[in-house]
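Got the viewer open and a few minutes to spare? Let's go through some side chains, loops and helices by question and answer.

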Amino acid sequence: MRRRDFIRWSVTGGSGLILTYAIPLRASGVLPAAFSGAETYLYDLFATPALSCHPFVRWWWNGDKIEAAELVRELQLLKSVGIGGVEINPIEFPSRSDGDDLGKTSLEWLSAEWTEMLKAAFDEAERLGMTCDLLVGSGWPFGAEYLEGDERAQIVSVGIRELTGPMEYEVSEYDLLREADPGISSPYPGRTIELMSLIMVPDSMTDESQIADLLGCEDKGLFRFSVPGGRHVLITTVKVNGFMKVIDGAPGATGPVLDHYNRSAVERYLNRMSDSIQPITGPLSTHIRALFTDSMELEGSNWTEGMRGEFIRRRGYDIVPWLPFLLYPVGGMGNAKSYKPAFATTESFRDKIDRMRYDFEVTKMEMLHDSFIVPYTEWCRSLGVRSRAQAYGRGFFPLESSFMYDIPEGESWTMTWLRHRLGEEMPDSDYRRGRAYTMINKYVSSAAHLKDKRLVSCEEMTDTYRVFNTSLETIKLGSDQSIVSGITHSIFHGFNYSPPEVPFPGWIRYGAYYNENSTWWPYLHYLTEYKARLSAVLQNTTMFADIALLTPLADMWTDMGAQMEPFPAAVNVPYTSLVWEAIHKNGGGCDYLSDSVINDAHIDDGHLCYGSRRYHTLILIAVKSLAPSTAKKIYEFISDGGRVFCLGETPYKSPGWNNHEQNDSLVADWVRKMHDFPERFVYLPVPEEEDFVDWYAGVKKRHEIHSYVKITKPDLYLMQNRYVADDGTELFFFINSHRYNGYEGEVMFEECITSGRYASVWDPESGRRFRIRPLKDGIYRLSIGPATSLLIVFDGHEEGDEWQPLPWQGEVMREIRGPWELEFRHCREATVTYDTMEELTDLKDIPDHQGFCGTVIYRKNITIDSPLPQYISLGHVYGIARLVVNGTDCGLRWYGSRVFDLRQALRQGLNSIEIHVISEMGNYMRTLADNPVAQYWMNRKGKEQPLMPMGMTGPVALWQRGEG
């Protein structure tokens, strides 16, 4: 296997294309024998991708109000726009008004009637060649009405109140229980609460002997006790059984959440599902690809019967007496209401509690692995299907929990476009802003790489907010970013089961408006074909990385406890994800590792090796704590020639309580030995003035960190990945994530990459490939338009037309000004109206048009003299644009620069121009005051959506090809 890298297109006068470069995994300047035609196989997969590589959709069976004929119709509808498969997802009915279900009956999950509908969907999908995945349970996290007793999820939580003495104090047990009852987002009405402990400590505790146990002060439901002088804190610890209700569960699978720490309960639940389905459908292995578990948002579930004994067995001491101190009061989504300590105490006691908190978190993760992940994946294997899961939430190892699943999954979100302006910003001040991918994606994809898995799916562009304001361009922008985070296949969020007789806009549980009534539905196939070709390549290649990152998870678990991924309420090191971004923006590739992965790795010739992965550099991101065995392995890596950079912190202690003094000493000893190699064990201060991209560019230069692409002008919005195929073919995927601005620069590749190899652009929109040439030896121009990606391939294929992409900038010959004649074809009201516009104006700013939805046609006649312009740029267009010149269709642009080639359509003299702009629907939906579905999604309190730009604002200009 070798790697080489490579770059994008540049647009200049007739040549100036793109560049790419890579570094052989095994140093060799000779093309492998596999190049003797084997590269055709990969290209064939790309040119005509299998339906299984096309995006899938999450298919919400709203309220399970399903009928066989409609299931068949919707599958056919989905295939017609290039959807390759469905994730069958039963979910609660999205009622927005009385009677909106049309009186249709809900079928109970796992009933014979429901399973017959499942079989109907399976049969039609098979006939169409589509793939089915099936959700386990309904909603999230899964559970059911029939669960009883210790089958239900449990939580231990605390309540805190401040007291000032001296005084005699009285409080009811009811008030204490109510105070400690966790304020989660989805409480189960049938939960039961029991008091575990009641203690009082002085506000400034100096000795553990000051802890007062008040559990024995109860009399007939009242606690009476004396409060000494001064300020004190009363801590109530409770255990809540069946504390959480399934979120959005359909009938038969709502009720209490399952106890995922209870292996026997998990196995009974899973077996009940398969035992109910297979007698009617036959073996699931003949119908579905995978069984799927959605978000494991367990809202703080942290207890199970037998956990006390299991903790003692694993950690060697009893955790129960310390729970009042290490737990934080619980609020929505299981997040801590505050991380502020309830009382002041000594440094040694605080350190003890923090270390015990780490032990508690790790024990939960180990038990969740043993009691849920292991039996779940074994169950899938026993059924002959694959396991697919979002193996994150609170209580999972962010990295290792994805190891056992056949298809690990991450997620991206559209909500960032309005809240965080996807495509318009990407600051260091907030790691979420401008990013569609979530922080968990890098963990999930790294886990896949470490286990040599190429299929990494994504709940793509999750939409619980924008819905009618989501465009194909926004989905593409976010989806391209997902690829850079390591994703190889998209599951769009999502498609709602909604019969055509349902009043507009139909039943909508969640998701962008993937619906036949959407204005962009007829153009969705452009996106699905683009995604399918990329996915076909990504699923048949290996993403390259030679830099490893260790994140400060142990310190987070110590100080704050595990967080709710992929949206942690708080992070201990806010810049963690900025590091991997900076590496990929500077021509490198990296994976996340963990303590356990480093421990299991071996050292070979200055490389840290795990499975097939080899890393020459390890970066510790603000890591304070290391296990002694991890510190030892890192020392061995350094002494063997590897390099370690400590960003912001140098490790100085171990995590956990048992033998911590001895373990701290061992870590300190190993770190002291690392300092004997000052060129290979380097401290890096956190950048303060410059952004992380520029900072890493400087670090890379000063310390000569090798990368496979040298980008002369790193940019916040320019990102890349490198992939290697089994036959040695090298591929490079570049994206420019800016919605409006293009990128110009140069990239340099080593001779061992370019020598004897041929570079080409594989165009995922057309499926064609084109030859590209360097500006000079080893140097290529990189010119990428807004919201654009480029796939560059190095292989043994020499033939092909030259790559001549449309320019995203050029030499303006003439600006086309008004007046413009406008025709408005409404998508819902079957009306056509006309207007004249002297100057191009945003339609949202014109009262008569701001509520429009459909196609606006801008018409104008212009006279052209010699020389004829080559291109026309429409400037800013908010929506999909199609150009017709003199009756000739010049194509359609659904993302990036709205630039069109005029060379086959324009003529000297009089020319007619028609510009068709297909709008989004949000502005129109705002006007439907009597439509409860529209108002729910457009004007919810706190989530009111503004009027969005609409139409064409220009400037419209005629171009010659320029330097961009």
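**Loops, bridges and a helix pair**

Q: Is Leu-102 buried, partly exposed or exposed?
A: Keep in mind that this is a predicted model. The relative accessible area of Leu-102 is 39%. Buried needs under 20% and exposed needs over 50%, so Leu-102 comes out as partly exposed.

Q: What is the phi of Leu-102, roughly?
A: Most residues other than glycine have a negative phi. Leu-102 sits in the loop between β4 (85-91) and α3 (112-128). Although Leu-102 is not a glycine, its phi is positive, at about 60°.

Q: Ala-622 has a positive phi too, though it is not a glycine; is Ala-622 buried or exposed?
A: You'll find Ala-622 in the loop between β24 (617-621) and α16 (628-639), with a phi of about 55°. Its relative accessibility is 7%. Buried means under 20%, so Ala-622 counts as buried.

Q: Which loop holds the proline that is joined to Phe-504 by a cis peptide bond?
A: Most peptide bonds are trans. The bond between Phe-504 and Pro-505 is cis, with omega about 5°. Pro-505 lies in the loop between β17 (489-496) and α12 (524-538).

Q: And which residue is joined to Gly-818 by a cis peptide bond?
A: Look in the loop between β35 (810-816) and β36 (820-826). The cis bond there has omega of about 5°, and the partner of Gly-818 is Pro-819.

Q: Which acidic side chain makes a polar contact of 2.6 Å with Arg-289?
A: Arg-289 lies in the loop between α5 (263-281) and β12 (290-293). Leaving aside neighbours within four places in sequence, its contacts include Phe-56, Thr-131, Asp-133, Arg-388 and His-489. The side chain joined to Arg-289 by the 2.6 Å polar contact is that of Asp-133.

Q: Is Arg-289 buried or exposed?
A: Arg-289 is linked in a network of salt bridges with Arg-58, Glu-87, Asp-133, Asp-294, Arg-388, Glu-409 and Glu-459. Its relative accessibility is 16%. The cut-off for buried is under 20%, so Arg-289 counts as buried.

Q: How many residues apart along the chain are Asp-726 and Arg-454?
A: The structure holds 63 salt bridges, and one of them joins the side chains of Asp-726 and Arg-454 at 2.6 Å, N to O. Asp-726 is in the loop between β28 (718-725) and β29 (730-736), while Arg-454 is in the loop between α10 (440-450) and β16 (457-462). The pair links distant parts of the chain, and the separation is 272 residues.

Q: Which of Asp-726 and Arg-454 is exposed, and which partly exposed?
A: Exposed takes over 50%, so at 63% relative accessible area Asp-726 is exposed. At 23%, the other partner is partly exposed: that's Arg-454.

Q: What is the relative accessible area of Arg-722 and of Glu-730?
A: The side chains of Arg-722 and Glu-730 meet in a salt bridge of 2.9 Å, N to O. Arg-722 is buried, with a relative accessible area of 0%. Glu-730 is buried as well, and its value is 0%.

Q: In the salt bridge of Arg-825 with Glu-823, which residue is buried?
A: The closest N and O atoms of this pair are 2.6 Å apart. Arg-825 has 38% relative accessibility, so it counts as partly exposed. At 7%, the buried partner is Glu-823.

Q: What is the handedness of the crossing of α14 and α18?
A: Two packed helices are described by the angle between their axes and the distance between the axes. For α14 (residues 576-585) and α18 (residues 692-702), the axes come within 9 Å and cross at roughly 65°. The crossing is right-handed.

Q: How many nonpolar residues are in the contact of α14 with α18?
A: From α14 come Leu-578, Val-579, Ala-582, Ile-583 and Lys-585, and from α18 come Phe-692, Val-693 and Tyr-696. One residue of the contact is charged and none is polar; the nonpolar count is seven.

Q: What separates the C-alpha atoms of Asn-586 and Ser-707?
A: Asn-586, in the loop between α14 and β20 (590-593), counts as buried at 4% relative accessibility. Among the residues that Asn-586 touches are Val-693, Tyr-696, Lys-700 and Ser-707. Asn-586 and Ser-707 are 121 residues apart along the chain, and their C-alpha separation is 7.9 Å.

Key
Residues numbered from 1 in each chain as written. Predicted model: local features only at pLDDT ≥ 70, side-chain atom pairs only at ≥ 80, totals over all residues. Heavy atoms only, no water. Axes fitted to C-alpha atoms, helices over the stretch in contact; angles between N-to-C directions. Helix = DSSP H or I, 4+ residues; strand = E, 2+ residues; numbered from the N terminus. Left-handed = near helix turned anticlockwise from the far one by under 90°. Contact = heavy atoms within 4.5 Å. Nonpolar A, V, L, I, M, F, W, Y, C, P; charged D, E, K, R; others polar. Buried < 20%, exposed > 50% of the residue type's maximum accessible area, 1.4 Å probe, protein only. Polar contact = N/O pair within 3.5 Å; in protein donor to acceptor, adjacent residues only side chain to side chain. Salt bridge = Lys/Arg side-chain N within 4 Å of Asp/Glu carboxyl O.
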